[in-house]
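Open the structure in your viewer and keep the selection tool at hand. We will go from stop to stop, and at each one you will hear what to select and what to look for.

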Amino acid sequence: MKTSLIAALLAAALAQPALASSLSDLLGKAIENPDLVNSVVGAVQNTIDANRTIGPKEEKTLGDGMAANLLGAAPLVNNAGLQSYVNQVGRWVASQSEAPNLDWRFGVIDSPNVNSFATPGGVVLITRGLMDRLRNESELAGVLGHEITHVLRHHVTRAAQSGKGREAVANALQGVAQYKTDDARRQLGANVLSGVSEVYVRGLDKDDEFEADVTGMVLAARAGYNPYALVSVLQTLGEINPADGSVQLMFSTHPSPQARLDYIDRNVGSKLEKYAGGVENTPRFRAAIGR
């Protein structure tokens, strides 16, 4: 793989207009469309069976519901240029995966907290607070590669099917038979989405986080970026006071930045060193985020 060729392909990919993101429509659809709410409820009910394989269509329905819940808590940043840029970078990194044709959608949500989220089916959200901590496009690619891996490996769906996840979902579904009207169905949908989204409060398995770091680095390298930019991100996170309210959720749901760095050191080491000269493209990144 020649770095110059990858850089040219990457530049060409980012020069193409990103498809219009449908993320902004998710919340409204979930609230206003009882059929969609019913579909989400059905998909969520199916996740309770830990032995049942959730198909792609159900995963997307479940993931869109979870994304709608996240967007209800923090809407997309009102900056079309930024949203388009993050979609272009994310789709380019995802195109290097084994699922390039998944319905990938990326967005920056208006939250000061430092965090990022992936929902089943291909929605990836990064907070404004984390974007503000990043220094270049390679770091953004590393973070998005981490979240793309959560989607590829079905980490969130598995977490929803785990013991604690099933408990939260089951609690949210209590009283299904009591709801008859559209308004009640909407409230039920909101309750279900809230319940299943407790996965993000409880966190994923730490081994899933480690896998997402390593595979995210590989995806970033394939996309022509410096894979060790994710190491820089973790070093930045490690410098934040854990008592800082903006990182409390992330620190409570992820292994510590030092533990993640140690895992990368043991399992990646210098194996990706030949890709360390990959693209960083700080000017394009700074222009997109307005620095």
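Start by selecting helix 5 (residues 80–94) and helix 7 (residues 137–152), whose axes come within 9 Å and cross at roughly 60 degrees. Helices here are DSSP runs of H or I with at least four residues, strands are E runs of at least two, and both are numbered from the N terminus. The axes are lines fitted to C-alpha atoms, for helices over the stretch in contact, and angles run from 0 to 180 degrees between N-to-C directions. Helix 5 and helix 7 are therefore oblique to each other; under 35 degrees would count as roughly parallel, over 145 as roughly antiparallel, 65 to 115 as roughly perpendicular, and the rest is oblique. Their crossing is right-handed, meaning that the near helix is turned clockwise from the far one by less than a right angle, while anticlockwise would be left-handed.

This is a predicted model, in which local features need pLDDT of at least 70 and side-chain atom pairs count only at pLDDT 80 or more, while totals for chains, interfaces and linings use all residues. Residues are numbered from 1 along each chain as its sequence is written, and side-chain values use heavy atoms, with hydrogens and water left out.

Now show the side chains between these two helices. On helix 5, pick Tyr-85, Val-86, Val-89, Gly-90, Val-93 and Ala-94; they meet Glu-137, Leu-140, Ala-141, Leu-144, Gly-145 and Ile-148 of helix 7. Contact means heavy atoms within 4.5 Å. By class, this contact of helix 5 with helix 7 has 9 nonpolar, 2 polar and 1 charged residues. Ala, Val, Leu, Ile, Met, Phe, Trp, Tyr, Cys and Pro count as nonpolar, Asp, Glu, Lys and Arg as charged, and the others, Gly among them, as polar.

Next, select Leu-219, found in helix 12 (residues 206–222). Is Leu-219 buried or exposed? With 2% relative accessibility, Leu-219 counts as buried; the cut-offs are under 20% relative accessible area for buried, over 50% for exposed and in between for partly exposed (1.4 Å probe, protein chains only). Leaving aside residues up to four places away in sequence, Leu-219 touches Val-93, Gln-96, Ser-97, Gly-145, Ile-148, Thr-149 and Leu-152. Draw a distance from Leu-219 to His-146 as well: they are 73 residues apart in sequence, and 8.7 Å apart in space from C-alpha to C-alpha.

Move on to helix 13 (residues 229–238) and helix 15 (residues 257–267), which pack at an angle of about 155 degrees with their axes 8 Å apart. The two are therefore roughly antiparallel to each other, and the crossing of helix 13 and helix 15 is left-handed. Among the residues to show here are Val-231 and Leu-234 in helix 13, and Leu-261 and Ile-264 in helix 15.

While you are in helix 13, click on Ser-232. Ser-232 is partly exposed, with a relative accessible area of 22%, and touches Arg-135 and Glu-139, not counting residues up to four places away in sequence.

For the last residue, go to Thr-282 in helix 16 (residues 282–289). Thr-282 is buried at 18% relative accessible area, and Arg-135 and Asn-136 touch Thr-282, again not counting residues up to four places away in sequence.

Finally, zoom out. The protein has 16 helices and 3 strands, and buried residues make up 51% of its 291 residues.
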